[in-house]
Amino acid sequence: MLIKSTSSHHPTESDLTPESVYQDRRLILKGLGLGAAGLGASLAFPAQASLLDLFKEKAPSIPEGKPLKVTPAARPEGLVLTPYDKATTHNNFYELGTDKGDPARNAHYLKPEPWTLKVGGEVDKPFTLDVWDMINKGPLEERIYRLRCVEAWSMVLPWTGISLASLIKQAAPNSRAKFVAFETLYDPKQLPGQGSSLGGGIDYPYVEGLRIDEAMHPLAFLAVGLYGKTLPGQNGAPIRLVVPWKYGFKSIKSIVSIKLVEEMPPTTWNLLASNEYGFYANVNPQVDHPRWSQASERFIGEGGIFGAKRQPTLMFNGYGDEVASLYQGMDLRKWY
């Protein structure tokens, strides 16, 4: 099933001005005295070398994933897909390193098979899901979604998976279930950033959360694949959250626990810098990050990572027609 985009979702691209280095969230870690070794190494470029040249030299080969049983969705008119090689070598997954190319280089540490996902908390029917059993049996669907990073870059990606609501319904939430809490695998052997400065000193495991009505929304998705194949480690194998109207850091990777809870759960980036990263994290071009504008973004497409096109950022990442009603009456400048 394809969640189709309306014409209001189709951005118009204009000329690029590259984002400056200060927009990288690694500077938060530097400001907190965290991850200094990794950051220093990333800035030690020869004067004559361009960032693109260095990235190409370091770019790893990406192993092919397993083909999935899914019928590809029709490509929506006006949306250009980000190429697979860009989608798998330009990633934020600090458990595998804070530089954009680190997750691809270090993804071989992650062993995503076998994998179980526990679903519990305020539910009548808690269960443990064999993720690979679900992947192999299907049926799975493809969703083509925009991905908007809080760092002001974006992609368009074809995810394969299941609706989050379908999984939650299996657990039969009770009346106390007001929020949904997510947790990433904690295993420094598989995710070496969790046990070293490679991961910037964040307090792991990574945790995220949604209000239950957000989690039950038809657009909320659990992805197990990308481009019709199983997820690479750097993209959050074997199962990750995708919430397309929110900034990318909400889409937690390599999930091992989904728990329905009564109180708003803690979330990693809000704990680290609450003045910069709110619980809701809805894409909003009218609310700037304290250190950069959110009014526009670099779209990473065929032109490459450092030759990306700039385009206007859309409210709710272009999904306002579907999700704006979730926040009716809320001051979205306060509840950012």
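## Ile258 and its neighbours

In this predicted model, Ile258 is a good place to start looking. Leaving aside residues up to four places away in sequence, Ile258 touches Leu117, Lys118, Val119 and Gly120. Its other partners are Leu164, Leu167, Val180, Ala181, Phe182 and Leu222.

## The nonpolar cores

Ile258 also belongs to the largest nonpolar core, which has 82 residues. Together with Leu164 and Trp245, Ile258 touches the most other members of that core. A second core, separate from this one, holds six residues, including Leu81, Ile144, Val156 and Phe299.

## Strand S10 and its partners

Now for the strand at residues 255-261, S10: six of its seven residues are buried, so S10 is largely enclosed by the rest of the structure.

S10 pairs with two strands that you can trace in the model. With S1 (residues 116-121), the pairing is parallel and runs over four bridges. With S5 (residues 179-184), the pairing is antiparallel and runs over six bridges. Ser257 is a handy landmark here: Lys118 stands opposite Ser257, and Glu183 stands opposite Ser257 as well.

## The chain as a whole

Stepping back, the chain contains 10 helices and 12 strands. It has 336 residues, and 59% of them count as buried. Among contacts with a separation of 6 or more, 75% join residues that lie 24 or more positions apart.

As for the surface, the chain exposes about 14400 Å², with 55% of that area supplied by carbon and sulfur atoms.

Key. Residues numbered from 1 in each chain as written. Predicted model: local features only at pLDDT ≥ 70, side-chain atom pairs only at ≥ 80, totals over all residues. Heavy atoms only, no water. Buried < 20%, exposed > 50% of the residue type's maximum accessible area, 1.4 Å probe, protein only. Contact = heavy atoms within 4.5 Å. Areas by Shrake-Rupley, 256 points an atom, 1.4 Å probe, with all protein chains shown as cover. Core = buried A, V, L, I, M, F, W, Y, C linked by side-chain atoms within 4.5 Å. Pairing = 2+ DSSP bridges.
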